[in-house]
Amino acid sequence: MMNAGNLLLRSRVWLAAGCLVLSAPLWASPAQTYDFGQPAAAAKATRTVEVVMGDMSFNPQSLTIKAGETVRFVLVNKGQLLHEFNLGDGAMHARHQQEMLKMQQSGQLTPTAMNAQGAMSHGSMDHGSMDHGSMDHGSMDHGSMDHGSMDHGAMAGMDQGSGMAHDDPNSVLVEPGKTGELTWTFSQAGNLEFACNVPGHYQAGMVGKLTVSP
Ligand SMILES: [Cu+2]
């Protein structure tokens with residue numbers, strides 16, 4: 001679950017990485033977990049689903065998945081704006097919308113990109129084409145995570161105000177005209193939503209039902 005405490009803890013971890021002051025208890029803290037499943041490597045996918053993102057729409061508008069399936073989502077942004085594909089329930093999306101609103105207010109999130117303030121650009125990481133799927137988030141140790149310990153560590157040191165980072169494993173940001181990927185293992189049946197939490201987009205219709213059947 002993503003919450004403020006979690007964010008704070010993680011920014012402390014990044015800060016520690018930046019300062020090279022490593023403390024065992026911090027590194028021993030468990031990775032973020034989700035009760036409906038976990039990220040997986042693209043190679044482990046048993047099914048690929050293409051979702052086209054438009055300006056304020058997803059196509060298809062709903063998806064049905066079987067519990068136990070590992071699905072590689074290919075997200076094609078055919079719109080003019082930055083969009084997100086985020087897996088979660090309504091409450092998770094509502095929380096993430098608040099986080100993204102703060103990123104927008106801080107100038108980190110623009111209509112077409114996610115940018116860090118300062119020299120280290122979050123935008124240069126290119127969330128759009130970054131293959132989340134090929135990274136094994138499930139077994140990933142944040143301490144050894146290349147992009148995390150490099151970019152975010154430096155960001156935490158530079159951007160002392162927020163330490164905000166858009167790096168949730170259940171989410172991918174796709175810039176206009178680009179394609180992103182997210183691979184997820186759905187471990188249990190339930191009613192989820194795939195949503196874009198860029199401020200205003202969910203409310204404008206960028207949300208779809210994701211039914212995980214038993
Ligand atoms: Cu959107």
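Colleague: What makes you say that strands β5 (residues 70-77) and β8 (residues 179-186) pair?

Modeller: This is a predicted model, and in it β5 and β8 run antiparallel over 7 bridges. Two strands pair if there are at least two bridges between them, so with 7 bridges these two count as paired. One bridge to look up is V71 with W184 in β8.

Colleague: And how do strands hold on to each other in general?

Modeller: Through backbone hydrogen bonds, with the strands either parallel or antiparallel.

Colleague: Okay, so where do β5 and β8 sit in their sheet?

Modeller: It's an open sheet of 5 strands, in the order β1-β8-β5-β2-β3, with mixed pairing.

Colleague: Why are β1 (37-39) and β3 (57-59) called edge strands?

Modeller: Each of them pairs on one side only. From one strand to the next, the twist averages 30°.

Colleague: Now V212 in strand β10 (residues 207-213). Why is V212 called buried?

Modeller: Count the other C-beta atoms within 10 Å: V212 has 21. The cut-off for buried is 20 or more, so V212 makes it. In the protein chain, 38% of the 214 residues count as buried.

Colleague: Which residues does V212 touch, leaving aside neighbours within four places in sequence?

Modeller: Its contacts are F36, I65, A67, F186, Q188, A189, G190 and L192. Take G190: 22 residues away from V212 in sequence, but 5.1 Å away in space, C-alpha to C-alpha.

Colleague: What does the whole chain come to in helices and strands?

Modeller: You get 4 helices and 10 strands, in the pattern α-α-β-β-β-β-β-β-α-α-β-β-β-β along the sequence.

How values were computed:
Residues are numbered from 1 along each chain as its sequence is written. This is a predicted model: local features need pLDDT of at least 70, side-chain atom pairs count only at pLDDT 80 or more; totals for chains, interfaces and linings use all residues. Axes are lines fitted to C-alpha atoms, for helices over the stretch in contact, and angles run from 0 to 180 degrees between N-to-C directions. A residue is buried if 20 or more other C-beta atoms lie within 10 Å of its own, exposed if 12 or fewer, and partly exposed in between; C-beta atoms are placed from the backbone. Two residues are in contact if their C-beta atoms, placed from the backbone, lie within 7 Å.
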